[in-house]
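Open the structure in your viewer and get ready to select. Each stop tells you what to pick and what is there.

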Amino acid sequence: IEKTREVEHALVEGRLLPYYQPIILSANGDVIGFEALVRMKRDDGSIVSAGDFHEALDDPHLSHRVTSTMVAQIAADLQRWSDQGLSIARIGLNVSAADFSRGDLETRISAAFGPRGIPFDRLTIEVTESVFMQGVEETVAGTLQRLRKRGVLVALDDFGTGFASLTHLRSLPVDIIKIDKSFIDMMAHDASSLAIVELVLDLARKLKLKVTAEGVEQFGQAHSLLELGCTSLQGYLFGKPMPQDKVKDFLEERA
Ligand code: G
Ligand code: G
Ligand code: NA
Ligand code: MN
């Protein structure tokens with residue numbers, strides 16, 4: 001409750017902001033986009049990660065408002081980057097079940113992107129399987145389908161940790177699977193984690209889905225994943241989540 005109030009306060013005062021973590025194309029190391037991760041700025045200037053206020057994001061009303069502020073800031077940041085001459089292909093936005101229950105996700109994205117002339121194909125929506133467990137599967141699928149028609153890609157996040165993953169791959173409009181960090185952490189040490197990673201990559205090939213490996217920290221992991229055919233990589237090895245104004249330097253240093 002305390003956390004929820006603190007986050008609400010931060011929201012009202014404009015102290016919730018997106019940090020951006022790079023996503024890398026395995027084949028050539030190009031930066032193909034960034035995932036936006038919400039951060040809370042405290043009055044003393046310190047930055048708090050979403051993992052530390054997860055309870056607040058479980059509150060449907062607050063979570064809905066957090067998404068709205070994230071969408072608005074992502075649109076503004078995309079415009080700033082474009083004005084700086086940077087081409088950033090896509091930004092990943094994390095959404096939760098609450099974002100689907102009111103049926104206004106598309107409207108909220110339109111309101112932020114439309115006036116700036118930013119096309120929907122600059123956005124990837126990241127959903128976890130939990131959004132399909134709240135008895136609103138049809139609403140979720142319908143919303144995602146409409147967004148995809150406008151160019152949004154859909155990523156299934158934390159893949160492998162939820163329930164009935166395979167059912168969701170069959171019935172839902174998904175473009176990208178994000179393999180959960182826990183499998184990437186363990187694949188070098190544990191035969192079953194490696195087997196699961198291989199299985200997911202094989203399945204993705206057959207279903208013509210792209211795969212992003214999350215939480216890549218070591219060069220050896222990146223190397224194995226490339227050999228196994230994983231199309232894109234994300235993790236501290238390439239970059240930690242960073243504020244909007246650090247992205248330009250990051251891209252220029254890599255170029
Ligand atoms: O780096 P980090 O601590 O931000 O992320 C922790 C968790 O919080 C992750 O599971 C991530 O999906 C979630 N998260 C990060 N940013 C957002 C956001 O903007 N909206 C929602 N709903 N979840 C987020
Ligand atoms: O649940 P989701 O996948 O959206 O959130 C990703 C979480 O993992 C965020 O908290 C992000 O900051 C964190 N993260 C991303 N890359 C790495 C990494 O290489 N190592 C660790 N420890 N955490 C990471
Ligand atoms: Na995510
Ligand atoms: Mn993720």
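Start with a pair of residues. Select Asn 94 and Glu 126: Asn 94 stands opposite Glu 126, which belongs to strand S5. Keep in mind that this is a predicted model.

**Stop 1: strand S5 and its partners**

Now select residues 123-127, which make up S5. Is S5 largely enclosed or largely open? Four of its five residues are buried, so the rest of the structure largely encloses this strand. A residue counts as buried when 20 or more other C-beta atoms lie within 10 Å of its own.

Next, add residues 91-94, strand S4. S4 pairs with S5 in the parallel sense, over four bridges. Then add residues 153-159, strand S6. S6 also pairs with S5 over four bridges, in the parallel sense. To see one contact point, select Ile 125 and Val 154: Ile 125 stands opposite Val 154 in S6. As you look along a strand, remember a general rule: in a regular strand, side chains alternate between the two faces of the sheet.

**Stop 2: ligand 1**

Select ligand 1 and show its surroundings. How many residues surround ligand 1? There are 13, and the closest are Val 38, Ser 49, Ala 50, Gly 51 and Asn 94. Two elements give two or more residues to this shell: strand S2 (31-41) and helix H3 (60-83). H3 gives the largest share, three residues. Color the shell by class: eight residues are nonpolar, five are polar and none is charged.

**Stop 3: ligand 2**

Move to ligand 2. It has 14 residues around it. Gly 51, Gly 215, Glu 217, Gly 235 and Tyr 236 come nearest. Color this shell by class too. Four of its residues are nonpolar, five are polar and five are charged.

**Stop 4: helix H3 and its neighbors**

Two packed helices are described by the angle between their axes and the distance between the axes. Try it here. Select H3 together with residues 105-113, helix H5. Their axes are 8 Å apart, at an angle of about 30°. Angles under 35 degrees count as roughly parallel, so H3 and H5 are roughly parallel to each other. Their crossing is right-handed.

Last, swap H5 for residues 2-12, helix H1. H1 and H3 pack at an angle of about 30°, with axes 11 Å apart. H1 and H3 are therefore roughly parallel as well. Which hand does the crossing of H1 and H3 have? H1 passes H3 in a left-handed crossing.

Definitions and conventions. Residues are numbered from 1 along each chain as its sequence is written. Chains are lettered from A and ligands numbered from 1 in the order in which they are written. This is a predicted model: local features need pLDDT of at least 70, side-chain atom pairs count only at pLDDT 80 or more; totals for chains, interfaces and linings use all residues. A residue is buried if 20 or more other C-beta atoms lie within 10 Å of its own, exposed if 12 or fewer, and partly exposed in between; C-beta atoms are placed from the backbone. Two strands pair if DSSP finds at least two bridges between them. A residue is near a molecule or strand if its C-beta atom, placed from the backbone, lies within 6 Å of it. Ala, Val, Leu, Ile, Met, Phe, Trp, Tyr, Cys and Pro count as nonpolar, Asp, Glu, Lys and Arg as charged, and the others, Gly among them, as polar. Axes are lines fitted to C-alpha atoms, for helices over the stretch in contact, and angles run from 0 to 180 degrees between N-to-C directions. Angles under 35 degrees count as roughly parallel, over 145 as roughly antiparallel, 65 to 115 as roughly perpendicular and the rest as oblique. A crossing is left-handed if the near helix is turned anticlockwise from the far one by less than a right angle, and right-handed if clockwise.
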